[in-house]
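Colleague: I'm new to this one, so could you take me through a close look at the cysteines? A bit of background on the whole fold beforehand would help too.

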Amino acid sequence: MTRTPLISGNWKMNLNHFEAIQVVQKLHYLVPKETFEAVDVSIHPPFTDIRSVQTLIESEDLAFSIGAQHCHFEDTGAFTGEVSPAFLQKLNVEYVICGHSERRELFGETDEMVNAKVLAILKHSMTPIMCCGETLEEREAGETTSKVLGQIEAGLAGVSNDQIASLVIAYEPIWAIGTGKTATADDAQTVCAEIRAKVRESAGDAAADAVRIQYGGSVKAANAAELMAQPDIDGALVGGASLDPDEFARLIQFSAPE
């Protein structure tokens with residue numbers, strides 16, 4: 001089954017709304033129109049930028065999807081500083097990252113919280129980009145498979161097979177994020193294949209064949225083509241490289257299927 005690659009730029013806590021507009025405009029100029037026929041691109045700016053980026057994308061009919069980096073699992077309530085998935089839906093957000101390693105490691109998000117967010121995002125007709133990945137210590141102890149597949153099982157609890165088919169799973173080894181270290185294409189493919197096999201076991205062939213699996217962890221233009229050539233890697237969750245429109249544009253182009 002052919003799966004259109006999804007390249008997602010996670011800007012984390014970088015770029016104010018003026019800077020974000022400039023990056024999107026330049027990125028649109030740099031990426032050839034025909035590339036967008038082969039690759040989907042989502043942009044995940046800070047919350048304060050989303051409305052500005054959404055307005056630009058829609059008014060100029062740009063070939064980007066608007067995304068968010070995080071949300072709460074409740075629609076409303078006394079959750080100071082959090083953002084409701086219902087609010088994101090009203091901004092025409094299409095993709096929401098959940099379970100990012102920084103949220104897990106720095107803010108204590110558990111597998112159960114990630115699952116609640118997956119269900120909340122789906123409830124509001126948006127697509128979760130559900131992240132999973134192991135630490136360096138877990139990798140060196142040979143625990144990559146058990147850690148990652150445990151996160152997959154917990155994160156997809158209560159999600160229907162049809163919903164699983166429509167979502168995105170991002171394998172992002174924690175030891176590779178922001179370190180300049182990248183899993184080799186073969187290593188990344190091995191884990192992504194294990195993720196797809198887990199989905200096949202729990203949700204069936206149709207879901208396993210349709211779900212898109214991204215790799216994230218120091219992805220750059222220089223390694224994008226090799227990673228995207230792997231049969232079970234269907235895109236990339238890109239951090240630092242997505243802040244530079246020249247680098248991100250090259251990465252997007254190198255990710256297009258030949």
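Modeller: Counting up the secondary structure in this predicted model, you get 12 helices and eight strands. The protein is as compact as a globular protein of its length, because its radius of gyration is 17 Å, close to the 18 Å that the globule rule gives for 258 residues. Put a box along the principal axes and the C-alpha atoms fill roughly 45 × 45 × 35 Å. Of the 258 residues, 55% are buried. Take the contacts with a separation of 6 or more: 74% of them join residues 24 or more positions apart.

Now for the cysteines. The count of disulfides comes to zero, with a pair of sulfur atoms needing to be within 2.5 Å to qualify. Start with Cys 98: its closest cysteine sulfur belongs to Cys 131 and is 6.8 Å away, so that is too far for a bond. Cys 98 is also buried, with a relative accessible area of 3%. Then there's Cys 192, whose sulfur has its closest cysteine partner in Cys 132, at 7.8 Å, which is again too far for a bond. Cys 192 counts as buried because its relative accessibility is 0%, and the cut-off is under 20%.

As for the outside, the protein exposes about 11500 Å², and carbon and sulfur atoms supply 51% of that. On charge, there are 19 positive and 38 negative side chains, with the centres of the two sets 2 Å apart.

Note on methods:
Residues are numbered from 1 along each chain as its sequence is written. This is a predicted model: local features need pLDDT of at least 70, side-chain atom pairs count only at pLDDT 80 or more; totals for chains, interfaces and linings use all residues. Side-chain values use heavy atoms; hydrogens and water are left out. Helices (H or I, at least four residues) and strands (E, at least two) are DSSP runs, numbered from the N terminus. The radius of gyration is taken over C-alpha atoms; the globule rule is 2.2 Å times the number of residues to the power 0.38. Buried means under 20% relative accessible area, exposed over 50%, partly exposed in between (1.4 Å probe, protein chains only). Contact means heavy atoms within 4.5 Å. Accessible areas come from the Shrake-Rupley method with a 1.4 Å probe; for residues, only the protein chains shown count as cover. Lys and Arg count as positive and Asp and Glu as negative; His and the chain ends are not counted. The place of a charge is taken as NZ of Lys, CZ of Arg, CG of Asp or CD of Glu.
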